[in-house]
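Reader: Hi! I'm new to this one, could you walk me through it?
Author: Happy to, let's bring it up.

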Amino acid sequence: MKTTKTIFQDGNHKWVAIVRDPEKQNYLIDTNEYLVTHGSQGILLDPGGAEIFPAVFSALASEFDPGALTAVFASHQDPDICSSLALWLEFNPKMRCYVSWLWGSFIPHFGGTQQTFVNLPDEGADIPLEGLTLKAVPAHYLHSSGNFHLYDSVAKVLFSGDVGAALLPPGEDGLFVTNFDAHIRHAEGFHKRWMGSNEAKRRWCERVAQMEIDMLCPQHGAIYQGADVQRFISWFDELQVGVCGG
Amino acid sequence: MNPGTALAVSGPAGNTPQAGADLLRIVRINEEIKTVVRVAFKINIMALNAIFLAKRAGTAALGFGVLSNELRIFSQDLRESMDVLTSLIHGCVNDVSLVLQDSRHTRLLRQAVAQSSDQRLNRVLMAKDAENERHVEHLGSLRKQLGRALDDAARLVELGGVLAKSAKIEAAYGQTFAAALTQVSADFDGVVEEIRSSLESLRRSTFFRGN
Ligand SMILES: [Fe+2]
Ligand SMILES: [Fe+2]
């Protein structure tokens, strides 16, 4: 089973990271899921692949009533992001899925009906969660051509999907980045190869540099907090991406 | 469920190996059906040529002409019969795919139930199990329909065999055309035999021994 770690809490406004399953098969990439709750409702960010549904569901249920989960947010269309969708919908057929309009007719191949999907326009949108407004922030081409991050301006947390991702070796898989220079070595190859557009990267860096962010939470690897957030943005800004050895 | 067969399984969640094997068998059945359709097309052309030949032979080949026409109708009936089989095959592919998908989802839901104490998920699993059972039953009924449609096709081919044999007899009365008509009737006999053996191998498919 995965473990849960509350990374932000103010009353019933919470960010819970669902991470690190010791029983997970190694051939599946490790992923972080995040649950945001406010009032009595919750939204699950990048709910993960079908194979890890049991681990995510049980971890989430230990922390929050899964019946109060009203929506999932899919940063993009990858299988590690949302191939579990059909299983979440088995549990709650009324659950909605926020995703880029680009993938609105692709993700139903994983599950869901026309009623399930809320297509996000390229410029982004507000996502309500019982009195809290979350913002879908454009991050197109990073790496997917229709890609969003999710910003909570109250908690000052940015969920950054594959941006900030690191493929951590065993023994160096702490939940938070503690030594930026050591950590970023595990992120470099991923960003050079998976991120395809220097222009998109520059625009994203300019956009998020203006946002108040205490924690930058990627879908793989460790969470950047405090000064490491700005450190990461500067590092990413300077990195040449779209690099392939082939 | 049919506990008497080696491939029978105890419940929907355990259907994956059979469903995977079924998919392979269905593909083979479909290939055989395509062969029969090609042969039916061949009979149609052969029968048309035979009708012209009988016309040229005149009164000596009146009987042969009638039989050629019947063989042409037979080829069309055979084509229709294969269309029925093809649409049943498509239904089977659909059901087998559902059973395969059910099986994966049920496995994952079962794991989630084992790891979590949420009783509602158990109810979801039970509903899913019931749905899987319905898919398995529907596949079972299609399997039976396909078997019956194959029996119908086999009876049709028996009739085709009789027509081809009768054409052989009629050819003997063809006077100067007797040799040509005999050759044509032997060809008819050959292709009907080809279809008969195709259908026989279809009816022996282990797909029909599933539940
Ligand atoms: Fe991705
Ligand atoms: Fe990813």
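Author: What follows is a short chat about the place where two chains meet, the cysteines and a few single residues.

Author: Some ground rules: this is a predicted model, where local features need pLDDT of at least 70, side-chain atom pairs count only at pLDDT 80 or more, and totals for chains, interfaces and linings use all residues. Residues are numbered from 1 along each chain as its sequence is written, chains are lettered from A and ligands numbered from 1 in the order in which they are written, and side-chain values use heavy atoms, with hydrogens and water left out.

Reader: Thanks! How many residues of chain A are in contact with chain B?
Author: On the chain A side there are 16, in contact with 14 residues of chain B. Contact here means heavy atoms within 4.5 Å.

Reader: And how much area do they bury between them?
Author: About 1,300 Å², with 63% of it on carbon and sulfur atoms. Buried area is the accessible area (1.4 Å probe) that two parts lose on being put together, summed over both.

Reader: Which residues in chain A lose the most area to chain B?
Author: Those are A:E51, A:P54 and A:E90, which together make up 38% of what that side buries.

Reader: Cool. How many salt bridges are there between the chains?
Author: Chain A and chain B share four salt bridges, each a side-chain nitrogen of Lys or Arg within 4 Å of a carboxyl oxygen of Asp or Glu. One of them pairs B:R107 with A:E51, with 2.8 Å between the closest N and O atoms.

Reader: Which elements of chain A give two or more residues to that side?
Author: They are α1 (53-61) and α3 (85-91) of chain A, and α1(A) gives the most, with six residues. Helices (H or I, at least four residues) and strands (E, at least two) are DSSP runs, numbered from the N terminus.

Reader: New topic: how many disulfides turn up?
Author: Zero, over all chains; a disulfide would be a pair of cysteine sulfur atoms within 2.5 Å.

Reader: Why does A:C205 have no bond to the closest cysteine sulfur?
Author: Because the closest cysteine sulfur, in A:C217, is 17 Å from the sulfur of A:C205, too far for a bond.

Reader: Is A:C205 buried or exposed?
Author: A:C205 is buried, with a relative accessible area of 4%. Buried means under 20% relative accessible area, exposed over 50%, and partly exposed in between (1.4 Å probe, protein chains only). B:C92 is buried too, at 0%.

Reader: Where is A:D228?
Author: A:D228 sits in helix α6 (residues 227-238) of chain A, and is buried at 8% relative accessibility. Leaving aside neighbours within four places in sequence, A:D228 is in contact with A:V177 and A:F180.

Reader: What joins the side chains of A:D228 and A:R231?
Author: A polar contact of 2.5 Å. That term means a pair of N or O atoms within 3.5 Å; within protein, one must be able to donate a hydrogen and the other to accept it, and residues adjacent in sequence count only if both atoms are side-chain atoms.

Reader: Last one: which residues does the cis peptide bond join?
Author: A:L142 and A:H143, with omega about -5 degrees. A:H143 is in the loop between β9 (132-138) and β10 (148-152) of chain A. A:Y141 lies in the loop between β9 and β10 as well, and has a positive phi of about 70 degrees although it is not a glycine.
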